[in-house]
Amino acid sequence: FDVDGEEPHTGIIASISNDNPALVSCVDDERLEFEDGDLVVFSEIQGMKELNDGKPRKIKSVRPYSFTLEEDTTNFGTYVKGGIVTQVKQPKVLNFKPLRAALKDPGDFLLSDFSKFDRPPLLHIAFQALNRFICEFGRFPVARSEEDAQKFISIAGNINEYLGEGGVEDINPKLLTHFAFGARAVLNPMAAMFGGIVGQEVVKACSGKFHPLFQFFYFDSVESLPVEPLDPIDFKPLNSRYDAQISVFGSKLQKNLEDAKVFIVGSGALGCEFLKNVALMGVSCGSQGKLTITDDDVIEKSNLSRQFLFRDWNIGQAKTTVAASAAVSINPQLKIEALQNRVGPETECVFNDDFWENLTVVINALDNVNARLYVDQRCLYFQKPLLESGTLGAKCNTQMVIPHLTENYGASRDPTEKQAPMCTVHSFPHNIDHCLTWARSEFEGLLEKTPAEVNAYLSNPSEYATAMRNAADAQAKDNLERILQCLEQEKCETFQDCVTWARLRFEDYFVNRVKQLTFTFPEDATTSTGAPFWSAPKRFPRPLQFSTTDPSHLQFIMAASILRAETFGIPVPDWVKNTKMLAKAVEKVIVPDFQPKEGVKIETDEKA
């Protein structure tokens, strides 16, 4: 039902022609993300109201800010202004072949590595040969057995001949030998990856969201195998939990893994996954090995959906302590130290030069770019390999940084996200991102910045006031006025004071400011060139009418009053969560009438 899982793309309309086909132009605020053949619906159009019927329409000739509508609008009303165009997600029907038919004619394979485009057809034959080998001999090929490998290659050759034109030109005996040698080994990284893929496919099947794997997906990591020839004795089982790994990679590499000194930075969703993997692989489980994991965060309830080493009863505990304990229960041999330090310049006394010098590898499991860049710089300086990765919903990225071989994480940067002008955010928002930016800005001003400035003023009022009055910029004088207003008019001593403050704040944000804005710029206002002021992408606003029966209005009052109380250290009463009692408290508040004023300056310059 939803091929990519993305939110439907939208655009703000600037004009629509009366043509066949019609040309639709959108504002050049953001590039259109539509594609030729997409279906779209229109809403809020003034003038050409025939398009507001909610009927999906096909588009073509998509350009960055325009597209053609496959419809004759010659006899439609003339476009006046406004309008939103929204993509309609189209269901896609996939016809899967039954296994018996797909084995003979697999169709196109899903590729994960475009340098191996000829690999999936060969692996398709190899897995059929493995099934036939098990049927004939009742077992998997023995690891490193040349005799079993030859039997396996012979079976694969027979299958390839049977397929005729559907087979491959070269069955690649060297690759099939690797396949036979490792066929019985269960390896943690491969199991973890395929487990994740299968889990995703189950969720796709249940939800109808995201495109499923179509028929066959084959994956190999032959490049991970040892390059240099090893002594057969190196692959001999040691009667340990790592014998499968040893049969594929050899005991020397296993010893290196066990004696590795690893630093995992972060213990969230990725950190839990890495910690489980290294414990199962035996990393840092030898006498010389050590794994250090650090994260300054504690476990919250929301973490439990994906940070699988944590349980309900761990809420409030340090992430690294709980994760380390869980990892040791997976592998009691793991040598792990759990720290609660943030990694940055301020903790270089903890993570000093000796610490970095002794590391074998660093694994990032972070959730912000600045911390990633800092760790990357440390790894660059001390020439340590770094495994960098990140997730966003169902999306992910991964980067392996090897000294003197690959570029480092900080060598390339994503383009900075376009910031909306402040006048747009505060007075002329036209998408949800603008509203979120505004809300975050107001939160910071009201609940972080102003209390901090008030406290600075209270510590030495006369000195602070003199400094503010002598400051050259008007902003400093505004700050002083705001501080004095906060102390004289907005000081809260009881929770009812906080409710009053929250109710007046609602009125200010969603009523008074809107009334002033529409008084200064009425709906029919024009610019200096005579064009309508309220043209796309601007949206003409309407003031809200406060109501205690509207859940969103009461939720605003509840949240704002609780936050205000926390700022002043006022105890929050239990009744605040009771909508009826909160409504009674709000009804006690006297809200003064507001009259818009002449001459109020509202910023419209996008560069301001």
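Where is Pro537 placed? In this predicted model, Pro537 sits in the loop between helix H16 (495-520) and H17. The bond that leads into this proline is a good place to begin a tour: Ala536 and Pro537 are joined by a cis peptide bond, with omega about 10 degrees. From here, the helix that follows the loop, H17, opens the way to two helix contacts.

The first partner to visit is H13. The axes of helix H13 (residues 432-459) and helix H17 (residues 551-568) come within 11 Å, crossing at roughly 10 degrees. Angles under 35 degrees count as roughly parallel, and H13 and H17 are therefore roughly parallel to each other. On the H13 side, Phe443, Leu446, Leu447 and Pro451 make the contact, while H17 contributes Leu563, Arg564 and Thr567. Sorted by class, the residues of this contact of H13 with H17 are five nonpolar, one polar and one charged.

The second partner is H18. H17 and helix H18 (residues 579-587) have axes 11 Å apart and pack at an angle of about 80 degrees. Values from 65 to 115 degrees count as roughly perpendicular, and H17 and H18 are therefore roughly perpendicular to each other. Here H17 offers Leu554, Ile557 and Met558, and these meet Thr579, Leu582, Ala583 and Val586 of H18. The contact of H17 with H18 holds six nonpolar residues and one polar residue, with no charged residues.

A wider view helps to place these helices. The protein is divided into domain 1 (10-88), domain 2 (99-207), domain 3 (260-401) and domain 4 (422-587). The centres of domain 1 and domain 2, taken over C-alpha atoms, are separated by 50 Å.

Attention now turns to the strands at the start of the chain. Six strands close into a barrel, in the order S1-S2-S5-S4-S3-S6, and their pairing is antiparallel. On average, neighbouring strands of this sheet are turned by 45 degrees against each other, direction ignored. One of the pairings joins strand S3 (residues 39-43) to strand S6 (residues 84-88), which run in the antiparallel sense over five bridges. Within S6, Ile84 stands opposite Ser43.

This part of the chain also has a cis bond of its own. The peptide bond from Asn20 to Pro21 is cis, with omega near -5 degrees, and Pro21 is found in the loop between strand S1 (10-16) and strand S2 (22-26). For residues 19-89, an unreviewed UniProt entry gives the feature "domain: Ubiquitin-activating enzyme E1 FCCH". Over residues 19-89 the chain is 0% helix and 37% strand, and the end C-alpha atoms lie 26 Å apart.

Another backbone detail belongs to Arg144. Its phi is near 65 degrees, a positive value in a residue other than glycine. Arg144 lies in the loop between helix H2 (119-137) and helix H3 (146-163).

Parallel pairing appears further along the chain. Strand S7 (residues 261-265) pairs with strand S10 (residues 361-364) in the parallel sense over four bridges, and Val262 has Val361 in S10 as its bridge partner. S10 also pairs in the parallel sense with strand S11 (residues 386-392), over two bridges. In that pairing, Ile363 is matched with Leu387 in S11 as its bridge partner.

Key. Residues numbered from 1 in each chain as written. Predicted model: local features only at pLDDT ≥ 70, side-chain atom pairs only at ≥ 80, totals over all residues. Heavy atoms only, no water. Axes fitted to C-alpha atoms, helices over the stretch in contact; angles between N-to-C directions. Parallel < 35°, antiparallel > 145°, perpendicular 65-115°, else oblique. Contact = heavy atoms within 4.5 Å. Nonpolar A, V, L, I, M, F, W, Y, C, P; charged D, E, K, R; others polar. UniProt positions renumbered as here; feature names shortened; annotations may be inferred. Domains from an automatic or database assignment. Pairing = 2+ DSSP bridges.
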